[in-house]
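Visitor: I have a model open in front of me and would like to learn how to read it. Could you walk me through some of its features?

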Amino acid sequence: MSTNDDAEEPGGTGRPPEPPKSPEPQKSPEPPQSAQSPQSPLSQPPRSSEPGQPPQAPEPSEPSAEAPAQPEETGRQRLAAGLWPPRVSRAQLIVALLLFVLGLGLAIQVRSNSDSSALRGARQEDLVRILDELDGRTKRLEDEKQRLEDQRKELESSSDQAEEARRQTVEKERQLGILAGTVAAQGPGITLKITDPTGQVQSDQLLDTLQELRAAGAEAIQINGVRIVASSYFSDEDGGVAIDGKKITQPYEFKVIGKPQDLEPALNIPGGVVQTLEKEQATVAVTRSAKIVVDALRAAKQPDYARSSSS
């Protein structure tokens, strides 16, 4: 009796078994896409390059039209932003104030020391000349003192004191007349001529020249026909200088009575009148003479308030 088991046995007369099928390759699941919004082209992964080609760099993203890019600051702008507004602390202000005071003190010290710089740089011959000038001034003062003492002794010892007093009074009047400019004078001295083609010489420089001559022992001075007295003054005018209100023009000529050996060196000392005027492009000529005539006169002025204390 046959059964179904006989037909299934191998080698039997039944249908041969089918060969096993190869399993189908499973497909990789696709990544789920967002259901709310499609992916932006900017967020897509870079495309895979083909075999044999280098990978392509991702395309740069374009800036949004709504937010424009800010321009980059230059180095000068960054430096200016760092310097202004200044950030100064209290300590820095105190240090700056101390430095300012120190600098001001040094400037004042240098300026005070510069007054004697001309003498420090002077030659030995110039220093000797200056010392001789000082000695000459001292000698003149001593001579004046001795002369006054001699007059006093003559008045005390003279038998005719009235006649001697009258003679001395006349001599004193003559001397005072020369100083006051009411009488003419003559004697040795110098002629100083200042030519100013550029018009740079002003009244203050002429006044400095006059003071230097007086300090050197000048006894009578006239400038361009104007007699110089104790009350003379200088002022600037258009195209020239005025002395006591009278305008004079260049060349300025000084006629000076005094000791030439003292007057000329006083003008030529280092940093003195001649060098100062030459810096203003002026030409200075000094000439010694055995006879200088000062004949410009001033009218005697009666004082309004001053009176002799002996009367």
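**Two helices and a sheet**

Guide: Gladly! This is a predicted model. Let us begin with a helix pair: the axes of helix α7 (residues 203–215) and α8 come within 9 Å, crossing at roughly 145 degrees. The crossing of α7 past α8 is right-handed.

Visitor: Which residues of α7 and α8 make the contact?

Guide: From α7 come T209, E212 and L213, and from α8 come L263, A266 and L267. Sorted by character, the residues of this contact are four nonpolar, one polar and one charged.

Visitor: While we are on α8, is D262 buried or exposed?

Guide: For this we look at relative accessibility, where buried means under 20%. D262 has 9%, so this residue counts as buried. D262 sits in helix α8, which spans residues 260–267. Leaving aside residues up to four places away in sequence, D262 touches R140 and A216.

Visitor: Now the sheet. What is the order of the strands in the open sheet of five strands?

Guide: The order is β3-β2-β7-β1-β8, and the pairing is antiparallel. To find the edges, look for strands with a single partner: these are β3 (226–227) and β8 (283–294), so one side of each has no neighbour in the sheet.

Visitor: And what does α7 touch on the sheet?

Guide: α7 packs on the sheet through contacts with β1 (185–195), β2 and β7 (252–257). The direction of α7 makes about 15 degrees with that of β7.

Visitor: How many bridges join β2 and β3?

Guide: Strand β2 (residues 220–223) pairs with β3 over two bridges, in the antiparallel sense. Here you can find I223 opposite V226 in β3.

Visitor: Where should I look for a hairpin?

Guide: Go to β4 and β5, which form a hairpin with two residues between them. Strand β4 covers residues 234–237 and strand β5 residues 240–243; they pair in the antiparallel sense over four bridges. Within that pairing, D236 has V241 of β5 as its bridge partner. In the turn, look at G239, whose phi is positive at about 80 degrees.

Visitor: One last thing: what pLDDT does the protein average?

Guide: The average is 76, and 70% of the residues score at least 70. Residues 1–13 have a pLDDT below 50, and this stretch has one contact in the model beyond near neighbours in sequence. Residues 34–43 are also below 50, with two contacts in the model counted beyond near neighbours in sequence.

Key: Residues are numbered from 1 along each chain as its sequence is written. This is a predicted model: local features need pLDDT of at least 70, side-chain atom pairs count only at pLDDT 80 or more; totals for chains, interfaces and linings use all residues. Side-chain values use heavy atoms; hydrogens and water are left out. Buried means under 20% relative accessible area, exposed over 50%, partly exposed in between (1.4 Å probe, protein chains only). Contact means heavy atoms within 4.5 Å. Axes are lines fitted to C-alpha atoms, for helices over the stretch in contact, and angles run from 0 to 180 degrees between N-to-C directions. A crossing is left-handed if the near helix is turned anticlockwise from the far one by less than a right angle, and right-handed if clockwise. Ala, Val, Leu, Ile, Met, Phe, Trp, Tyr, Cys and Pro count as nonpolar, Asp, Glu, Lys and Arg as charged, and the others, Gly among them, as polar. Two strands pair if DSSP finds at least two bridges between them. pLDDT is the predictor's confidence in each residue, from 0 to 100.
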